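Trainee: I would like to go through this model with you. Can we take it one question at a time?

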Amino acid sequence: MKKSALGWTWLVMGLLACKTLVPPTLSPATAPPAQPPTRTPTSISPIDSNAGSPGLDDSLYPNFGNGGYNVQSYQLNITVNNVATSDLSAITTISATATQDLSSFNLDFIGFEITSVTVNAEPAEFERAGQELTIFPPQLLSAQQAFSVEVSYQGSPESMYSEALPFQTGWVTYDKGSYVLSEPDGSASFFPVNDHPLDKALFSFIVTVPKPYEVAANGVLTKSEDHGATVTYYFSARDPMASYLATINIHDFDVETLQSPDGIEIRNYYATGLPKEIRQPFARQGEMLDYFSGLFGAYPFEVYGALVMDTDFGAALENQTLSIFGMDMIDLEDVTNTELVVAHELGHQWFGDDISVADWSDIWLNEGFASYCEALWIEHTQGTAALNAWARSSYQEISDYPDYYPPPGAPSANNLFNGGVYLRGGLTLHALRQTIGDEAFFKTLQTYVQRYGGGNAATEDFINVAEEVSGQDLTDFFQGWLYETNPPELP
Ligand SMILES: [Zn+2]
């Protein structure tokens, strides 16, 4: 993720104020739905040893995600009846495998009226409390058993504010359409989900919208069906994906299809009505794709592209295969600087998307790396002197404003996207490169991508790769850069 300068300032300077402005993270406990089937709380043993855990013990957000099963795939079948209100009816189908005997298991889900839940095609009872949807399969699920869950629901997505950052996330409806910006926990605002990056899965989307609206989602558009007044769009994403990167965006779009010089497929979606000049900062995406592929290893997904909505939301987000940009992230007076945002989101496709964090406290593995991708693009396009100037001015910035740039390795739950995980995280990589040399540094990045691509990594995993490749003991190096209040000197 990358925030606009304005949003950034507000974020780092206004946190105290934000606490009073931002509603509580997860919507207040939803009353148990009136419609059947439901179960009275007294029928559940609170110490049922076969109940799946309601969280994955993330060190910052222990209730994110759920335990007891792994999801293999989600299919989201959504019919948007009214784009202005995002009134929709939907069926989410989940294929999963139990990792323990399960008398019940949880999904994360906010709002909507649930009209039915089935497990292995049989009706299942359920309960709701806050973001937790607890499902009781009609028969105990055995450890290692594959099972399917189907949740049918209707209504409009509720406004979602994460405790991690001070703006609306999840499915956001605005005056001309809707977009999705879910990091870290907004996905539960539009589908029932095991909402933690540890449980990556395949995704497919079947989304029906009234004309003239169109749909842009992750992966490849495999077909569309014209029903006269409505159109159904089918998207499928081939590679495992963290749930917060799932995106469905609705507007009418101008779609630009091209290839990188080395043949990577690109499709960019621009909200119809935006000026043609809006494409300028994206003109070198193909070159960036090829350059980063050379540095880190082959681009990990089947397609890439940018999506620009015609509204401001103070951020850009690296949704897998389709990064989204708010209008306020694009400065046509300064295309070179906007290009760095484009490079940042593209860099995340390796660092954040292909390799996902194992714990949200590892967020510098996303943001520090994407920030250093900006620096690498500066180096590639403007030369070594420009890279060194970036390092000097960035180091001055973190030294002058230490409160804004806390140690990247220990973010707090209510300020996950702090300046430290970005700029000091990026400088950590630059300092590592100065310490172990270019050859070992880029070999470290490549080995890290080879080893953890498609899965998850923790900070310790990256440190281990750097030590293994460089043959150096980097304990003190990483301790200083990631955890000490005052950053070490730049080598
Ligand atoms: Zn980012």
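Mentor: Start with helix α5, and bear in mind that this is a predicted model. At 1.5 Å a residue, its 19 residues should span 27 Å. The end C-alpha atoms of α5 are 25 Å apart, which agrees.

Trainee: How many of the 19 residues of α5 are buried?

Mentor: A residue counts as buried when 20 or more other C-beta atoms lie within 10 Å of its own. α5 is largely enclosed by the rest of the structure, because the number of its residues that are buried is 15 of the 19.

Trainee: Which residue follows α5, and what is the sign of its phi?

Mentor: The residue that follows α5 is a glycine with phi near 100°. That makes the sign positive, and the residue is G383.

Trainee: Which element gives the most to the largest nonpolar core?

Mentor: The largest nonpolar core has 138 residues, and those with the most contacts inside it are I135, V207, L307, V308 and I324. The element that gives the most to this core supplies 10 residues, and it is α5.

Trainee: From which domains does this core draw at least three residues each?

Mentor: The domain assignment of the protein chain gives two domains, with bounds 2-251 and 356-483. The core draws at least three residues from each of domain 1 and domain 2.

Trainee: Which residues does L307 touch, not counting residues up to four places away in sequence?

Mentor: L307 is among the residues with the most contacts inside the core. With those sequence neighbours set aside, L307 touches A216, N249, Y269, L322, I324 and F325.

Trainee: How many nonpolar residues are on the side of domain 1 that touches domain 2?

Mentor: In the contact between the domains, 17 residues of domain 1 meet 16 residues of domain 2. On the domain 1 side, α1 (5-13) and β16 (230-241) each supply at least two residues. By class, that side has 4 charged residues, 1 polar residue and, as nonpolar residues, 12.

Trainee: Does the length of α9 agree with its residue count, or disagree, and what is the distance between its ends?

Mentor: Helix α9 has 12 residues, 459-470, and at 1.5 Å a residue they should span 16 Å. The computed value agrees with this, as the end C-alpha atoms of α9 are 17 Å apart.

Trainee: Are the buried residues of α9 on the same side or on opposite sides of the helix?

Mentor: The buried residues in α9 are T459, F462, V465 and A466. They cover an arc of only 130° around the axis, so they lie on the same side of α9.

Trainee: What covers the buried residues of α9, and which residue just after α9 takes a positive phi?

Mentor: The cover includes α5 (364-382), α7 (419-436), α8 (438-452), β24 (456-457) and α10 (475-483). Just after α9, a positive phi of about 70° is taken by G471.

Trainee: Which residue does a cis peptide bond join to E183, and which one to K211?

Mentor: In the bond from E183, omega is about 0°, and the partner is P184, found in the loop between β12 (177-181) and β13 (201-210). For K211, omega is about 5°. The loop between β13 and β14 (214-217) holds the partner of K211, P212.

Trainee: Is F112 buried or exposed?

Mentor: F112 lies in the loop between β4 (105-108) and β5 (113-119), and its phi is near 70°, a positive value in a residue other than glycine. It has 25 other C-beta atoms within 10 Å, so F112 is buried.

Trainee: How does N120 count in terms of exposure, and what is its phi?

Mentor: N120 lies in the loop between β5 and β6 (122-123). With 15 C-beta neighbours inside 10 Å, N120 counts as partly exposed. The phi of N120 is positive, near 50°.

Trainee: Where does M309 lie, and how far is it from D328, C-alpha to C-alpha?

Mentor: M309 is in the loop between β20 (306-308) and β21 (315-317), and it counts as buried because it has 26 C-beta neighbours inside 10 Å. M309 and D328 are 19 residues apart in sequence, and their C-alpha separation is 9.9 Å.

Definitions and conventions. Residues are numbered from 1 along each chain as its sequence is written. This is a predicted model: local features need pLDDT of at least 70, side-chain atom pairs count only at pLDDT 80 or more; totals for chains, interfaces and linings use all residues. Helices (H or I, at least four residues) and strands (E, at least two) are DSSP runs, numbered from the N terminus. The expected span of a helix is 1.5 Å times one less than its number of residues. A residue is buried if 20 or more other C-beta atoms lie within 10 Å of its own, exposed if 12 or fewer, and partly exposed in between; C-beta atoms are placed from the backbone. The arc is that of the directions from the helix axis to the C-beta atoms. Two residues are in contact if their C-beta atoms, placed from the backbone, lie within 7 Å. A nonpolar core is a set of buried Ala, Val, Leu, Ile, Met, Phe, Trp, Tyr and Cys residues joined through C-beta atoms within 7 Å. Domain bounds come from an automatic or database domain assignment. Ala, Val, Leu, Ile, Met, Phe, Trp, Tyr, Cys and Pro count as nonpolar, Asp, Glu, Lys and Arg as charged, and the others, Gly among them, as polar.
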